[in-house]
Amino acid sequence: MNNLRNLKITIFGGTGFLGRHLIKYLCNHECIIQVPTRSPAKGYFLQPLGDVGQINLIKFDLSDNKKLKNLVENSDIIINLVGILYEKKRNDFIEVHYNFVKKLVDHIKIYKKKFVQVSALGVNKSKDSLYSKSKNQADIYIEKNLEKFLIIRPSLIFGPEDNFFNKFAQMSLISPFLPLIAGGTTKFQPVYVEDVSKGIVTILKKDIKNKIFEFGGPDIFSFKELLQILLESLNRKRLLIYIPKRGAVLLAKFFQLLPNPLLTEDQIKLLENDNIVLDTNYTFKYLDISPVSLKLIIPDYLKRFKKY
Ligand SMILES: NC(=O)c1ccc[n+]([C@@H]2O[C@H](COP(=O)([O-])OP(=O)(O)OC[C@H]3O[C@@H](n4cnc5c(N)ncnc54)[C@H](OP(=O)(O)O)[C@@H]3O)[C@@H](O)[C@H]2O)c1
């Protein structure tokens, strides 16, 4: 039985990388999707993922509390995928990751809706990064205030539109080396975007509540190994240059001046902790999902960076 059929699901941040894959799954389950976005025109690419009228893009700004209340009131399930990797003048971590979630949770509490928050793996462990602290504060607020919540903490997500492998593949086109930031020893458990989407939909279908899930792929790789896998799949040789923390901080100070920085000081702080699933029963295994390996997937979508 399809218990998600005809449910109205509002997905904040649905125009992003994870959003487009999750929306495809939810459309297959015959849900009605609302995507509040700063720019509906930029989200038109989502429309073909569903039937006519199944996906509605709604102009929305995070500060519009009245619209937020209406959106919550008119939804069965709310999913939050809004997130930033670096701060800009008007978009700081606390504003986007915490203050917005707090307002959202306050409305959800009144209307007693089900809420899914996509957080990130390790936010409860990382002490110094503002990215993590702001997300962790939001997770704590959700746990304290809601009757029906789910928090999903994925490791590094990979897939055709990802921010990590595409960025380094692009860099390998023009640079004779790739940087091993902070030594390249931080461990990751990369997880496929389709598996994250499948995981969220399975949780909703099984009506699981009040749990924090950690999503990681089948393998653990160091940062250095990730770059080696990337270069192997591109069939390209590049020097991997060790950049100690101090050097990385200097690099970040320079990159932060650019509109879309490759590295920030806050991300260096994130690299101080491994990004792997630890001590929890709530993983893909609990959902009977076997996540797919990075090595099987990236050669296909990174083809465009290959020179034959
Ligand atoms: N990608 C990963 O490897 C990864 C790993 C762990 C956790 N996560 C978390 O998973 C969630 C989804 O990630 P993603 O990779 O899909 O992110 P993404 O591609 O960057 O998309 C995030 C969405 O958030 C919205 N957004 C960003 N800044 C905003 C602002 N200032 N005001 C309003 N909306 C804003 C944007 O929607 P509009 O432009 O349409 O307004 C955007 O589509 C995020 O919370 C992220 O932290 C991601």
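Ala 182 sits in the loop that connects strand E8 (177-181) to strand E9 (187-188). In this predicted model, Ala 182 takes a positive phi of about 50° even though it is not a glycine. For context, most residues other than glycine have a negative phi. Ala 182 counts as buried because 23 other C-beta atoms lie within 10 Å, and the cut-off for that label is 20 or more.

There's another case of this kind at Asn 235, a residue other than glycine with a positive phi near 55°. Asn 235 belongs to the loop between helix H7 (223-234) and strand E13 (239-243). So is Asn 235 buried or exposed? Asn 235 is exposed, since it has just 10 other C-beta atoms within 10 Å and the limit for exposed is 12 or fewer.

Then there's Asp 162, in the loop between strand E7 (157-158) and helix H5 (165-174). Asp 162 is buried, because 20 other C-beta atoms within 10 Å is enough to meet the cut-off of 20 or more. Leaving aside residues up to four places away in sequence, Asp 162 touches Phe 17 and Ile 157. From Asp 162 to Val 105 the C-alpha to C-alpha distance is 28 Å, with their positions 57 residues apart in sequence.

Here are the three loop residues side by side.

| Residue | Loop between | Other C-beta atoms within 10 Å |
|---|---|---|
| Asp 162 | E7 and H5 | 20, buried |
| Ala 182 | E8 and E9 | 23, buried |
| Asn 235 | H7 and E13 | 10, exposed |

Just after the Asp 162 loop comes H5, whose buried residues are Phe 165, Asn 166, Phe 168, Ala 169 and Ser 172. What do they pack against? The partners are E7, E8, H7 and helix H10 (294-301).

Now for the sheet. Seven strands form an open sheet with parallel pairing, in the order E3-E2-E1-E4-E5-E6-E11. Strand E3 (55-59) and strand E11 (211-215) are the edge strands; each has a single partner, so one side of each has no neighbour in the sheet. On average, and ignoring direction, neighbouring strands are turned by 20° against each other. At the E3 end, strand E2 (residues 32-37) runs parallel to E3 and is joined to it by 5 bridges, with Gln 34 standing opposite Asn 56 in E3.

Helices pack on this sheet too. H3 touches strand E4 (77-80) and strand E5 (114-118), and its direction makes about 170° with that of E4. Helix H6 (residues 193-205) lies across E4, E5, strand E6 (149-154) and E11, at about 155° to E11.

On to the inside. The largest nonpolar core has 75 residues, and the ones touching the most other members are Ile 11, Ile 33, Ile 142, Ile 152, Phe 158, Ile 181 and Leu 230. Which helix gives the most to this core? That's H3 (residues 93-111), with 8 residues. Take Ile 142 as an example: not counting residues up to four places away in sequence, it touches Val 101, Val 105, Phe 115, Gln 117, Phe 149 and Ile 151.

Last up is the ligand. There are 23 residues around it, of which Gly 13, Gly 16, Leu 18, Thr 37 and Gly 83 come nearest. By class, this shell has 12 nonpolar, 10 polar and 1 charged residues. Helix H1 (residues 17-28) gives the most to the shell, with 3 residues.

Methods
Residues are numbered from 1 along each chain as its sequence is written. This is a predicted model: local features need pLDDT of at least 70, side-chain atom pairs count only at pLDDT 80 or more; totals for chains, interfaces and linings use all residues. A nonpolar core is a set of buried Ala, Val, Leu, Ile, Met, Phe, Trp, Tyr and Cys residues joined through C-beta atoms within 7 Å. Helices (H or I, at least four residues) and strands (E, at least two) are DSSP runs, numbered from the N terminus. Two residues are in contact if their C-beta atoms, placed from the backbone, lie within 7 Å. A residue is near a molecule or strand if its C-beta atom, placed from the backbone, lies within 6 Å of it. Ala, Val, Leu, Ile, Met, Phe, Trp, Tyr, Cys and Pro count as nonpolar, Asp, Glu, Lys and Arg as charged, and the others, Gly among them, as polar. Two strands pair if DSSP finds at least two bridges between them. Axes are lines fitted to C-alpha atoms, for helices over the stretch in contact, and angles run from 0 to 180 degrees between N-to-C directions.
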